[in-house]
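I opened my notebook to look through one structure, entry by entry. Here is what I looked up, in the order I went.

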Amino acid sequence: MLSTTRPAPRMRFPWRLSPLFLGLLLLPLSPLSATVYQVDPARSKVEVLVIRGGLLGVFGHDHEIVSWKLTGTIDYVPSSVPSLEADVSLPASSLTVVDPEDPLQERKEVQSTMRGKRVLDVDRYPEIHFTSTGASPAPTAPQILLSGDLALHGTVRRICFPVRITPAPGAIRAAGTAKVRQSDFGIEPIRFAAGTVRIKDQVEIHFTVLARERAPAAP
């Protein structure tokens, strides 16, 4: 007896997968290109807080040192934290003592000591430079942990610190604080008054940076 069961119909497609189409499917997704932002020195501030210590340190006050000469670039993709890259620098001689409580002459003396051979030695080491080496999400969102190499006083050390990135129209803002020890860079903290007043080894570097989107290069 002949079977009346019919074979299942074949699925038909209106098109065929050509080798070219298959090749396109197998191509890896291209990473998002980072936007390059140029630091605006007039809107960017680097502030170094130098803290006094010692037995009589409480009778003095901390020194506030500022520079408005930061330059460089920041590469960033908002959706990709590891894409963050920074390459910035400032002239060591641009750091200026702005202690509002001190007379002008005392500020000049502190500034002269800071720029001289005992501390920054700006004639020999004219530039302070930072180049990032990696970025990752910080435990406290939306901060980012940025690591990189800080070149100061002829010495390069790896540092890591939190940064808060805030997008703005055609620009980004970056703010944070890095803590470094002077002795790590071959600088001996200054002591005076027979050591009863001294500058603490650790200093705080506070920064607020505005970087504007750089126009693409002309073809």
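Before I start: I call a residue buried if its relative accessible area is under 20%, exposed if over 50%, and partly exposed in between.

**Entry 1: confidence**

I am looking at a predicted model, so I checked the pLDDT before anything else. The chain has a mean pLDDT of 82, and 75% of its residues reach 70 or more. Two stretches made me careful. Residues 19–31 have a pLDDT below 50, and this stretch makes 1 contact in the model beyond near neighbours in sequence. Residues 193–197 are below 50 too, but for that stretch I find 11 contacts beyond near neighbours.

**Entry 2: the overall layout**

I went through the chain and got 2 helices and 12 strands. In sequence order the pattern reads α-β-β-β-β-β-β-α-β-β-β-β-β-β. Of the 219 residues, 36% are buried. I also looked at contacts with a separation of 6 or more: 58% of them join residues 24 or more positions apart.

**Entry 3: two odd phi angles**

Next I went looking for unusual backbone angles. Most residues other than glycine have a negative phi. Histidine 153 has a positive one, about 55°, although it is not a glycine. I found histidine 153 in the loop between strand E8 (143–152) and strand E9 (155–168). Is histidine 153 buried or exposed? Its relative accessibility is 14%, which is under the 20% cut-off, so I count it as buried.

Aspartate 121 goes on the list as well, with a positive phi near 50°. Its place is the loop between helix H2 (104–115) and strand E7 (127–137). Aspartate 121 has a relative accessible area of 11%, so it is buried.

**Entry 4: a polar contact at aspartate 40**

I moved on to the loop between strand E1 (35–39) and strand E2 (45–53), where aspartate 40 sits. I noted aspartate 40 as buried, because its relative accessible area is 16%. Which side chain does the side chain of aspartate 40 make a polar contact with? It is that of arginine 212, at 3.1 Å. Leaving aside neighbours within four places in sequence, aspartate 40 is in contact with Leu210, Ala211 and Arg212.

**Entry 5: tyrosine 76**

Tyrosine 76 is in strand E4 (residues 71–77). At 7% relative accessible area, tyrosine 76 is buried. I wrote down what tyrosine 76 touches outside its near neighbours in sequence: Ala34, Thr35, Tyr37, Ser83, Leu84, Ile144, Ile165 and Ile172. Tyrosine 76 and isoleucine 172 are 96 residues apart in sequence, with 9.0 Å between their C-alpha atoms.

**Entry 6: strands E7 and E9**

I picked phenylalanine 161 from strand E9. Phenylalanine 161 is buried, at 6% relative accessibility. Its contacts, not counting residues within four places in sequence, are Phe130, Ile144, Leu145, Leu146, Thr177, Ala178 and Phe207. I also looked up glycine 148, which is 13 residues from phenylalanine 161 in sequence and 9.1 Å away, C-alpha to C-alpha.

Then I took serine 136, in strand E7. Buried or partly exposed, I asked myself about serine 136? With a relative accessible area of 32%, serine 136 falls between the two cut-offs, so it is partly exposed. Past its near neighbours in sequence, serine 136 touches Val81, Ile144 and Leu145. Serine 136 and valine 81 are 55 residues apart in sequence, and their C-alpha atoms are 6.0 Å apart.

**Entry 7: glutamine 182**

Glutamine 182 lies in the loop between strand E10 (171–181) and strand E11 (191–192). Its relative accessibility is 13%, so glutamine 182 counts as buried. Apart from residues up to four places away in sequence, glutamine 182 touches Ile187, Pro189, Ile199, Lys200, Asp201 and Val203.

**Entry 8: the largest pocket**

Last, I looked for empty space. The largest pocket holds about 980 Å³. How many residues line the largest pocket? I got 46, and those nearest its centre are Val48, Leu95, Ile128, Val203 and Ile205. I sorted the lining by type: 36 nonpolar, 5 polar and 5 charged.

How values were computed:
Residues are numbered from 1 along each chain as its sequence is written. This is a predicted model: local features need pLDDT of at least 70, side-chain atom pairs count only at pLDDT 80 or more; totals for chains, interfaces and linings use all residues. Side-chain values use heavy atoms; hydrogens and water are left out. pLDDT is the predictor's confidence in each residue, from 0 to 100. Contact means heavy atoms within 4.5 Å. Helices (H or I, at least four residues) and strands (E, at least two) are DSSP runs, numbered from the N terminus. Buried means under 20% relative accessible area, exposed over 50%, partly exposed in between (1.4 Å probe, protein chains only). On a 1 Å grid over the protein atoms alone, a cavity is a set of points where a 1.4 Å probe fits but cannot get out, and a pocket is an open set with protein on both sides within 12 Å along at least five of seven lines; lining residues have an atom within 4 Å of a point. Grid points are joined across faces, edges and corners, and a volume is the space filled by probe spheres set on the points. Ala, Val, Leu, Ile, Met, Phe, Trp, Tyr, Cys and Pro count as nonpolar, Asp, Glu, Lys and Arg as charged, and the others, Gly among them, as polar. A polar contact is a pair of N or O atoms within 3.5 Å; within protein, one must be able to donate a hydrogen and the other to accept it, and residues adjacent in sequence count only if both atoms are side-chain atoms.
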